[in-house]
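Here are my notes on the chain you sent over. They are in no strict order, so dip in wherever you like.

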Amino acid sequence: EPLSIIDLSKFWVGNISQKINQEFFFKNVSALQSELIDTTNSSIQLDFDVKDLPLIRAYFPNIPEFESNVSGNSNINFNNESILFNLAVFDSSFSYNSYVVDSLNFQMTGSFRKDDPISAFSSVQVLSTLSNFSSNLVEAGNTQVSLQLNDGRLYVQNSIQSIAGENDFYLDSNIHLSDSTINMIVDSLSMGNTVYQWQSIGNPALTYYSDERLEFQNFEFQNEQESLNFEGILSDQSTDSVNYNINNVDLARISDLLNGRINFSGVLNANFTTKSLTRIPSIQGNLGIDAFSIDERVIGDVDISSLFNSDFNRFDTRVTVSTDSAKYPDYFTRTERRGQNISFEGFVLSPDNREFSTSDSLFFFDLDFESIDLWVLPFIAPRVFTEMSGIASGGGSVWGNLEDFDFNVNYDIGTDDAIFFRPRFLDTY
């Protein structure tokens, strides 16, 4: 008796899912329980068009809230030995929460064999385009993604003609699948515009291992005098680490790429090492921002240092914020303020047995506000203050864990002129 289309569909869904889990996620999946002997060819032709979402939600009330005008078609030819399929989807407008997609076109063709791995004989081609994508974070226009899988090698091309205005993005890479690794070589990567363009140097490589380690090799990107380099292994093992070097990065350019509620600027330099970032992060090194500004208001120079203290199994950390009158004379002339002279000094405990302490002393910092323009305080403690203005000095401390924190701060305020502040607990919604 010939096999039903439902039997064949269940078989191929299980077969392809098994191979993806084994070859892409390195999961040990048991063999399929049933073998299909019948070799009769079957085919399915699908045409679909979503016109009445309220009706669909009436039958499926648990589906997420979204808006869509999707339509498409698909042809599938298969038997118990092989499957060949194609899929075309078009959606003129799709929205989910803050995500909005306009004019999405998606086309996919593929073929698989029952007994052969994806990396050996399977073939997949994907082409997707959209005219516009927007979210709370970023806007992108005229996006195209092309994927081609042949003989165990996946070729990926991604281009975006406009990101947050006139910026573009381009990626050309190839990915090789093996029994224990997924290796990605970046042939070309660039992002920016005619004035500001980040480009990859050489051929950065990314390797994902079956034990869930991720290795960065020769990851270097440059734009004129700005550079970013990171190399090492990202994992939950304390013996693995990633080293980062950041030189002369203009933060205003990054701010322009993002649609955040706060604009920021400054010049970032840093060198630091991270460990165990996939579980409990630890960071050691130095980071500095010259001429840091928020919403076009000068804060000054920010310096952060973190050094592991083996005697106490913790990271001794110091943060300073200063507005040098010789370096920023216009700030003092325009505002008649004293600028920022702030330091936080304390520690963050190192994880023990891959877990942070649940005590209140996971971190502790002494706070020294020798001079602070209070408008900046809501950015430092947004969970405490919503708005402030004026000048103050004082000190105190803050301590806490992953869930909660406590603080004790004493200020001398209003000695030179009046201040205004609105604490978070006065907000009502």
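**Notes on the predicted model**

1. Let me start with a charge on a ring: R213 lies over the face of Y209, at 4.5 Å from the ring centre. A second case involves R314, whose charged end sits over the ring of F312, 4.8 Å from the centre of that ring. Keep in mind throughout that this is a predicted model.

2. Now the overall picture. The chain has six helices and 25 strands. Of its 429 residues, 35% are buried. Among contacts with a separation of 6 or more, 45% are between residues 24 or more positions apart. The accessible surface comes to about 24900 Å², and carbon and sulfur atoms account for 51% of that.

3. On to the strands around β10. Strand β9 (residues 167-177) and strand β10 (residues 181-192) pair antiparallel over 10 bridges, and a hairpin of three residues joins the two. If you want a register check, S173 has V186 in β10 as its bridge partner. From β10, another hairpin leads through four residues to β11. Strand β11 covers residues 197-200 and pairs with β10 in the antiparallel sense over three bridges, with M191 partnered by W198 in β11. Strand β10 also runs antiparallel to β12, joined by five bridges; here M184 has L206 in β12 as its partner.

4. Which ring does F26 stack with? The partner is Y208: the ring centres are 6.0 Å apart and the planes are at 25°, so the pair counts as stacked. This is an aromatic pair in a structure that holds 16 of them. F26 is in the loop between α1 (5-23) and β1 (42-49) while Y208 belongs to strand β12 (residues 205-209), so the pair ties together parts 182 residues apart in sequence. As for exposure, F26 is buried at a relative accessible area of 15%, whereas Y208 is partly exposed at 27% relative accessibility.

5. Next, Y99 and F133. Their ring centres are 6.2 Å apart and their planes are at 25°, so this pair is stacked too. Y99 sits in strand β5 (residues 99-113) and F133 in strand β6 (residues 123-134), so to speak a link between distant parts of the chain, 34 residues apart. Buried or partly exposed: how does Y99 count? At 42% relative accessibility, Y99 is partly exposed, and F133, at 23%, is also partly exposed.

6. S122 is worth a look. This residue is in the loop between α3 (118-121) and β6. With 2% relative accessibility, and the cut-off for buried being under 20%, S122 counts as buried. Leaving out residues up to four places away in sequence, S122 touches S111, F112, P117, L149, N150 and D151.

7. The largest nonpolar core has 41 residues, and the members touching the most others are F230, F292, I299, F344, F369, I372 and L377. Strand β21 supplies the largest share of this core, with five residues. Apart from it lies another core of 26 residues, including I118, V124, A140 and L171. As background, nonpolar side chains tend to be buried together in soluble globular proteins.

8. F230 deserves its own point. Beyond its neighbours within four places in sequence, F230 contacts F216, F219, F221, V242, N243 and Y244. F230 also belongs to one aromatic cluster together with F216, F219, F221, Y244 and F272.

9. The strands in that region pair up as follows. Strand β14 (residues 226-234) is antiparallel to strand β15 (residues 242-250) over six bridges, and L228 has I246 in β15 as its bridge partner. On to β16 (residues 264-275): this strand pairs with β15 in the antiparallel sense over seven bridges, and N243 stands opposite T273 in β16.

10. Last, E370. Where does E370 lie? The answer is strand β21 (residues 363-373). Not counting residues up to four places away in sequence, E370 touches N341, S393 and G394. The C-alpha atoms of E370 and I342 are separated by 6.1 Å, though the two residues are 28 apart along the chain.

Notes: Residues are numbered from 1 along each chain as its sequence is written. This is a predicted model: local features need pLDDT of at least 70, side-chain atom pairs count only at pLDDT 80 or more; totals for chains, interfaces and linings use all residues. Side-chain values use heavy atoms; hydrogens and water are left out. Contact means heavy atoms within 4.5 Å. A nonpolar core is a set of buried Ala, Val, Leu, Ile, Met, Phe, Trp, Tyr and Cys residues joined through side-chain atoms within 4.5 Å. Buried means under 20% relative accessible area, exposed over 50%, partly exposed in between (1.4 Å probe, protein chains only). Two strands pair if DSSP finds at least two bridges between them. Rings of Phe, Tyr and Trp (its six-membered ring) pair if their centres lie within 6.5 Å; planes under 30 degrees apart count as stacked, over 60 as edge-to-face and the rest as tilted. A charge sits over a ring if NZ of Lys or CZ of Arg is within 6 Å of the ring centre and within 35 degrees of the ring normal. Accessible areas come from the Shrake-Rupley method with a 1.4 Å probe; for residues, only the protein chains shown count as cover.
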